[in-house]
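Me: I have a structure open at the bench and would like to walk through it with you. Could you take my questions one by one?

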Amino acid sequence: MPRAMAWTSRLITIAVLIALMGCFTGAQGNYRRPTRVGVSCCKEVSKGRIPATIKLIGYKHQNALSPCVDAIIFYTEKEKYCSDPKAPWIKNRLKGLQKIVD
């Protein structure tokens with residue numbers, strides 16, 4: 001095999017190996033990082049009382065982590081309510097409700 005062909009063959013082999021290493025490293029990096037789907041949280045809260053006629057099925061405490069705020073999230077069959085955890089009526093409304101864990 002002439003020298004030029006041997007040299008070209010080696011370069012191609014090295015290029016293929018580098019490309020494969022890049023693919024492997026990139027795939028491994030994506031595997032370790034969680035994908036962020038989107039932010040679904042309370043960004044503001046209400047101090048207003050939730051009427052007793054609204055049937056609540058559970059609640060969750062949300063910690064403040066921007067853009068989310070400190071909140072008690074009350075759940076119904078179809079909706080959620082973002083309430084201020086410092087509101088005076090909260091403790092009474094939590095009684096008998098199941099805490100929802102993600």
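Me: Is C42 buried or exposed, and what is its relative accessible area?
Reply: Happy to help, and please keep in mind that this is a predicted model. A residue counts as buried when its relative accessible area is under 20%. C42 falls under that cut-off, so it is buried, with a relative accessible area of 1%.

Me: Which residue forms a disulfide with C42?
Reply: Look at the sulfur atoms: the one of C42 has a partner sulfur 2.0 Å apart from it. The pair links distant parts of the chain, 40 residues apart, with C42 in the loop between α1 and β1 and the other cysteine in strand β3 (residues 80-83). That other cysteine is C82.

Me: What is the handedness of the disulfide of C42 and C82?
Reply: The torsion about the S-S bond gives the answer here. For C42 and C82 this torsion is about -75 degrees, so the disulfide is left-handed.

Me: How many disulfides does the structure hold, and what is the pairing of the bonded cysteines in sequence order?
Reply: The structure holds two disulfides. Besides the link of C42 and C82, C41 and C68 form a disulfide with their sulfur atoms 2.0 Å apart. Number the bonded cysteines of the protein chain in sequence order, and the pairing reads 1-3, 2-4.

Me: Which parts does the pair of C41 and C68 tie together, and how many residues apart are they in sequence?
Reply: C41 sits in the loop between α1 (3-32) and β1 (58-62), while C68 sits in the loop between β1 and β2 (71-75). C41 is buried at a relative accessible area of 14%, and C68 counts as buried at 15%. Their link is left-handed, with -90 degrees about the S-S bond. Since the two cysteines lie in separate loops, the pair ties together parts that are 27 residues apart in sequence.

Me: Where is P67, and what is the peptide bond from S66 to P67 like, cis or trans?
Reply: P67 has its place in the loop between β1 and β2. Most peptide bonds are trans. For the bond from S66 to P67, omega is near 10 degrees, and the bond is cis.

Me: What is the order of the elements in the protein chain from the N terminus on?
Reply: The protein chain has two helices and three strands. Read from the N terminus on, the elements run α-β-β-β-α.

Me: Which residues make up the largest nonpolar core?
Reply: Buried residues make up 23% of the 102 residues in the protein chain. The largest nonpolar core has nine residues in all. One of them, I72, is in contact with residues including Y59 and I90, leaving aside its neighbours within four places in sequence. The full core is I50, L56, Y59, I72, F74, A87, W89, I90 and L97.

Me: What is the C-alpha to C-alpha distance between I73 and Q62?
Reply: I73 has its place in strand β2 and counts as buried at 2% relative accessibility. Leaving aside its neighbours within four places in sequence, I73 is in contact with C42, G58, Y59, K60, Q62, K80 and Y81. I73 and Q62 are 11 residues apart in sequence, yet their C-alpha to C-alpha distance is 7.0 Å.

Me: Which residue forms a salt bridge with D84, and is that partner buried or exposed?
Reply: The structure holds one salt bridge, so there is a single pair to look for under the 4 Å cut-off. D84 lies in the loop between β3 and α2 (90-94), and the partner lies in the loop between α1 and β1, 37 residues apart. D84 counts as buried at 11% relative accessibility, and its closest N and O atoms with the partner are 2.9 Å apart. The partner is K47, which at 59% relative accessibility counts as exposed.

Me: Which residues form a nonpolar patch on the surface?
Reply: Helix α1 is a good place to look, as V16 is found there. V16 is partly exposed, with a relative accessible area of 44%. The patch has about 380 Å² of accessible area together, and its members are I12, V16, L17 and L20.

Me: How much area does the protein chain expose, and what share do carbon and sulfur atoms supply?
Reply: The protein chain exposes about 8,500 Å². The share that carbon and sulfur atoms supply is 60%.

How values were computed:
Residues are numbered from 1 along each chain as its sequence is written. This is a predicted model: local features need pLDDT of at least 70, side-chain atom pairs count only at pLDDT 80 or more; totals for chains, interfaces and linings use all residues. Side-chain values use heavy atoms; hydrogens and water are left out. A disulfide is a pair of cysteine sulfur atoms within 2.5 Å. Helices (H or I, at least four residues) and strands (E, at least two) are DSSP runs, numbered from the N terminus. Buried means under 20% relative accessible area, exposed over 50%, partly exposed in between (1.4 Å probe, protein chains only). A nonpolar core is a set of buried Ala, Val, Leu, Ile, Met, Phe, Trp, Tyr and Cys residues joined through side-chain atoms within 4.5 Å. Contact means heavy atoms within 4.5 Å. Patches are made of residues with over 30% relative accessible area and no salt bridge: like charges are joined within 9 Å, nonpolar side chains (Val, Leu, Ile, Met, Phe, Trp, Tyr) within 5 Å. Accessible areas come from the Shrake-Rupley method with a 1.4 Å probe; for residues, only the protein chains shown count as cover. A salt bridge is a side-chain nitrogen of Lys or Arg within 4 Å of a carboxyl oxygen of Asp or Glu.
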